[in-house]
Amino acid sequence: MTASEGVERYTIPVGPIHPALKEPIRLDLGVDGEEIIDVDIIMGQVHRGIEWLGMNRNNPIQNIYLAERVCGICNICHPFAYIMAIEQATGITPPERAEYIRVIIAEMERIHSHLLWAGVAAHEVGFESVFYLVWRVREKIMDLIEYVTGNRVTKAMFQIGGVRRDITEEQFPRIRKTLDYYKSIFDQLKTVFLDDRTIRMRAKNVGVLKREDALKLLAVGPTARASGVAKDVRQDQAYSAYADLDIKAITPDILTGTIIGDVYDRIIVRLLEVKQSIEIIERCLDEMPPGATLIEPKLAKLLKTLKTAEGEGVGRAEAPRGEVIHYVRLETGRETLATWKIRAPTYVNLMSIPTILKGGQIADVPIVFASIDPCMSCTNRAVVVDRKTNKKSIMTYEELHQLSVEKTRKLSNGLVK
Amino acid sequence: MEILSPEEIVESFKAALGAGFVNAKIYEREVAVKKNLFKAIWIYVKRDAFRQAVEHICKLQEYPHLAIISSSDQENSVALIYHFTIYYGHHLQELSLGLCVSLPKDDLKIPTITDLIPGAIFTERETQEMMGVEVVGIPDNRRLFLPEDFPEGVYPWRKDETGPEDMLRVLPGRQKK
């Protein structure tokens, strides 16, 4: 759709600091009145050169902790994919028990990440009470993560050839207690998110990504699954203990019978995945094999193996937002990695953003953008540029957020359809 | 859709590419308790047969997933690996397929595949700016991550004289190369 003659067309750059995001990115929105007709993405505001550090400064063991710091929320799946790539390149096989512990921690991360997202999404539509509710509920899993790993955020659980801490039988009851708590409130959460009028109004048929577009634009994770692409690394590829557990990718038709690919469907997928994660952790606790958790506890010995190893490997893990892939190449005699390439899920999911924003309204930008759960950060301001006069006016984060909140209010009062 | 075994896939590449096919590696590893197999294939092709190879992957799987292009500086050449995944959506059937192509340093050019896989655009743009590989026919030639004022002819992932060595701060404890 193009702007008709005589109609003023505006470009609204949203970002680099944006309300729906945890990290900076810039969106240039071409708008005709309220309608978005053109979207461009400008990235790189927080490119930290992590791969360069891994290739030039750090040894492969130091890189585990660097990989954890790629993202604050997915700080399990990055080292997970990284160590799997190293293990493939060097031929190290982790003990079976370690594989189960890795999965338990990864699923705990998924629960906390999805709940965090659910809170952010409620905030984006101006539903503050749900935002507070969900984040209070999320504290339980954060406490559990701290109990099991010793930390709330960077868990430092992973090591090449195993994990650094065991989960013992004495810890099981405490873990089960938290999982039971989530099971007991799950129906409540479901009612709040799926039956509430406000959320339905703002999420149904908004930000639609069709199945074909999701496939062409390489969408991954809940974004792809909500569009009906049953793609989940935990289901598709045998990695870690997931290979034993017969995971099934969650698509929204399990609940509703149809697939639309809108924001509402993305809520369904994430909500059901929380339940799935609880079940996975319970199964892991039941089936966890005994034995060692680390194959080589002496780091100097491990480093020597890594220094003399030659080979390449690719590690893929399902992060809360989709597939994470790490590629590493080791050369004999080289202390650092020869090549390290990281691909986080948002890298590919961002390519869907122009498609799902086009035809929408400016007030829908926060929730639609947030619906792919982009792993980047929050809008202070957006600059509105008039293309004809080149005049700039500044929209603050509060104003953009206010637009979204007002839309919710108008919808609930029946003022607009 | 018919699901081929890794060996059959390698054979199908040999048949489709002819002289353009260089080599192939199959990697399999047992994981966890039930010993299911993690499978990956590496296919090495000549640059002339690269487009043909991607077209062949599109025949194996409608909409193959291109995860990323990784690139390694290997003194006289740059090795590109296109990390595909095929057969997704089927329980434990997915295969990681690395399509490897080596480019000589004096002729760093590779045709675009965005016409076959539109989502390849970001990773092609990144390979261009970070490794200095020219993607011929790319529909969007802008930089992806590097800022606009980043100097021309400096490629952060290179290990030769075009690398970013001059731009680094020499911090205590770090030897200048």
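Domain bounds here come from an automatic or database domain assignment. Keep in mind as you click around that this is a predicted model.

**Stop one: chain A, split in two.** Select residues 10–46 plus 378–412 of chain A and colour them as domain 1, then give 50–347 another colour as domain 2. Taken over C-alpha atoms, the centres of domain 1 and domain 2 of chain A are 30 Å apart.

**Stop two: where those domains touch.** Zoom in on the contact, where 6 residues of domain 1 of chain A meet 7 residues of domain 2 of chain A. On the domain 1 side you'll find 3 nonpolar residues, 3 polar ones and no charged ones.

**Stop three: between the chains.** Now bring up chain B, which puts 36 residues into the contact with 37 residues of chain A. Select β1 (21–31), β2 (36–45), β3 (65–74), β4 (77–86) and β5 (95–104) of chain B: these are the elements giving two or more residues to the side that touches chain A. β3(B) supplies the largest share, 6 residues. Colour that side of chain B by residue type and you get 21 nonpolar, 12 polar and 3 charged.

**Stop four: β5(B) and its neighbours.** Stay on chain B and pick β5(B). Of its 10 residues, 7 are buried, so the strand is largely enclosed by the rest of the structure. Show β2(B) next: it runs parallel to β5(B), with 6 bridges joining the two. To see one pairing, label Y44(B), whose bridge partner in β5(B) is C100(B). Then add β4(B), which runs antiparallel to β5(B) and is joined to it by 10 bridges. Here, label L80(B) and its bridge partner in β5(B), V101(B).

Note on methods. Residues numbered from 1 in each chain as written. Chains lettered and ligands numbered in written order. Predicted model: local features only at pLDDT ≥ 70, side-chain atom pairs only at ≥ 80, totals over all residues. Contact = placed C-beta atoms within 7 Å. Nonpolar A, V, L, I, M, F, W, Y, C, P; charged D, E, K, R; others polar. Helix = DSSP H or I, 4+ residues; strand = E, 2+ residues; numbered from the N terminus. Buried ≥ 20, exposed ≤ 12 C-beta atoms within 10 Å, placed from the backbone. Pairing = 2+ DSSP bridges.
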